[in-house]
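Biologist: I have a model open and would like to learn how to read it. Could you walk me through a few features?

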Amino acid sequence: LRCKEHSDYGTITLLLTDECKGLQVLREGAGWCDVPYKEGALVVNAGSLLKDWTGGAVKATLHRVVAPAEYVGRHRYSAALFVDPDEDV
């Protein structure tokens with residue numbers, strides 16, 4: 001594993017990735033599923049705070065990053081924007 005399973009703390013996370021596979025999400029009834037790469041697309045993860053604010057109507061995205069054999073030794077690049085509320089909210 002490159003990053004163990006977790007959900008992000010805040011409301012949402014916007015993630016721009018490269019073509020290197022490895023990001024997976026846990027889907028109810030389906031287990032861990034690869035997130036496909038699409039050039040120019042953003043991955044949007046719901047955070048734990050959004051789950052709490054909606055009383056569980058929106059589930060936090062449990063995700064992880066694995067190291068597929070064909071990508072071992074290769075760098076994986078991503079840029080994330082974590083959307084967290086101001087402490088006065």
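Modeller: We'll go from the whole chain down to single residues. This is a predicted model, so to speak of local features we need pLDDT of at least 70, and side-chain atom pairs count only at pLDDT 80 or more, while totals for chains, interfaces and linings use all residues. Residues are numbered from 1 along each chain as its sequence is written, and side-chain values use heavy atoms, leaving out hydrogens and water.

Biologist: What pattern does the chain follow along the sequence?

Modeller: Helices (H or I, at least four residues) and strands (E, at least two) are DSSP runs, numbered from the N terminus. Here there are one helix and seven strands, in the order β-β-β-β-β-α-β-β.

Biologist: How do β3 and β4 run?

Modeller: Two strands pair if DSSP finds at least two bridges between them. β3 and β4 (residues 31-34) are antiparallel, joined by four bridges, and Gln 24 stands opposite Asp 34 in β4. The two strands make a hairpin with three residues between them, and Gly 29 in the turn has a positive phi of about 80 degrees.

Biologist: Is Asp 18 buried or exposed?

Modeller: Buried means under 20% relative accessible area, exposed over 50%, and partly exposed in between (1.4 Å probe, protein chains only). Asp 18 counts as buried because its relative accessible area is 13%. You'll find Asp 18 in the loop between β2 (12-17) and β3 (23-27).

Biologist: Which backbone nitrogen does the side chain of Asp 18 reach at 2.9 Å?

Modeller: A polar contact is a pair of N or O atoms within 3.5 Å; within protein, one must be able to donate a hydrogen and the other to accept it, and residues adjacent in sequence count only if both atoms are side-chain atoms. The 2.9 Å partner is the backbone nitrogen of Tyr 77. A polar atom of the Asp 18 side chain also lies 3.0 Å from the backbone nitrogen of Cys 20.

Biologist: And what does Leu 15 touch?

Modeller: Contact means heavy atoms within 4.5 Å. Leu 15 sits in strand β2 and is buried, at 11% relative accessible area. Not counting residues up to four places away in sequence, its contacts include Leu 23, Val 43 and Ser 78. The C-alpha atoms of Leu 15 and Ser 78 are 6.8 Å apart, although 63 residues separate the two along the chain.

Biologist: Where is Val 44, for contrast?

Modeller: Val 44 is in strand β5 (residues 43-46), and counts as exposed because its relative accessibility is 52%.
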